[in-house]
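Biologist: Could you pull up the model so that we can talk through its strands and its aromatic rings?
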Amino acid sequence: MPDEIRSEHWRMYVGGELVGLLHTVIPDQPWITCTFEPLEGWKGVRPLFDVQNQAAKERFPADKVWATKEIRDRGVELRPPESGAGPVIEPFMIYVDGDRARFRL
C-alpha cells in the first residue's frame, strides 16, 4: 500500500469544509473502499455526490457529468485525524454512496 494511504481513517473536506469521516475497509488498488460517516457539512454537498452516483450508474450521460467536475473543482482533501499524522490526500476520483465511499489516487 502506498505510504500516503497507510492511515486507517481520514477527515474528508470538500471546498475546505469538513463533510465526513472515512474508515478504510479494503485498501485494494486502484480503489480504496471505506465506510463513510457524514458530518454536518455533508448536507451541502450530498446532492452533488448523489448526481455523480446516478451518472456512474447510467454510464455518465452528458446531462450528469457536471457533478463530477463540480466535485473536482471544489477540491476534495482527505486529512489524517491528527495534524501531522500523515500527508493530505487529494484523490483523483471519489464516490460516496450512503455509508460507503471509494476513492482513487
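Modeller: What follows goes through strand pairing and then the aromatic contacts, and please keep in mind that this is a predicted model.

Biologist: Okay, how many bridges join E2 to E3, and which way do they run?
Modeller: Strand E2, residues 17–28, and strand E3, residues 31–38, run antiparallel and are joined by eight bridges, with a hairpin of two residues leading from E2 to E3.

Biologist: And what stands opposite proline 27?
Modeller: That is isoleucine 32, which belongs to E3.

Biologist: Which strand does E3 join through five bridges?
Modeller: E3 is joined in that way to strand E6, residues 100–104, and the two run antiparallel; within this pairing, threonine 33 has arginine 102 in E6 as its bridge partner.

Biologist: Arginine 102, right, so where does its charged end sit?
Modeller: The charged end of arginine 102 sits over the ring of tryptophan 31, at 4.3 Å from the ring centre, and elsewhere arginine 79 lies over the face of tyrosine 13, 3.7 Å from the centre of that ring.

Biologist: Switching to ring pairs, how many aromatic pairs are there?
Modeller: The structure has four aromatic pairs, and one of them, between tryptophan 42 and phenylalanine 49, is tilted, with 5.2 Å between the centres and 40 degrees between the planes. Both residues also belong to one aromatic cluster with Phe36.

Biologist: Why do you call tryptophan 42 buried?
Modeller: Because its relative accessible area is 9%, and buried means under 20%; phenylalanine 49, at 0%, is buried as well.

Terms used: Residues are numbered from 1 along each chain as its sequence is written. This is a predicted model: local features need pLDDT of at least 70, side-chain atom pairs count only at pLDDT 80 or more; totals for chains, interfaces and linings use all residues. Side-chain values use heavy atoms; hydrogens and water are left out. Two strands pair if DSSP finds at least two bridges between them. Helices (H or I, at least four residues) and strands (E, at least two) are DSSP runs, numbered from the N terminus. Rings of Phe, Tyr and Trp (its six-membered ring) pair if their centres lie within 6.5 Å; planes under 30 degrees apart count as stacked, over 60 as edge-to-face and the rest as tilted. Buried means under 20% relative accessible area, exposed over 50%, partly exposed in between (1.4 Å probe, protein chains only). A charge sits over a ring if NZ of Lys or CZ of Arg is within 6 Å of the ring centre and within 35 degrees of the ring normal.
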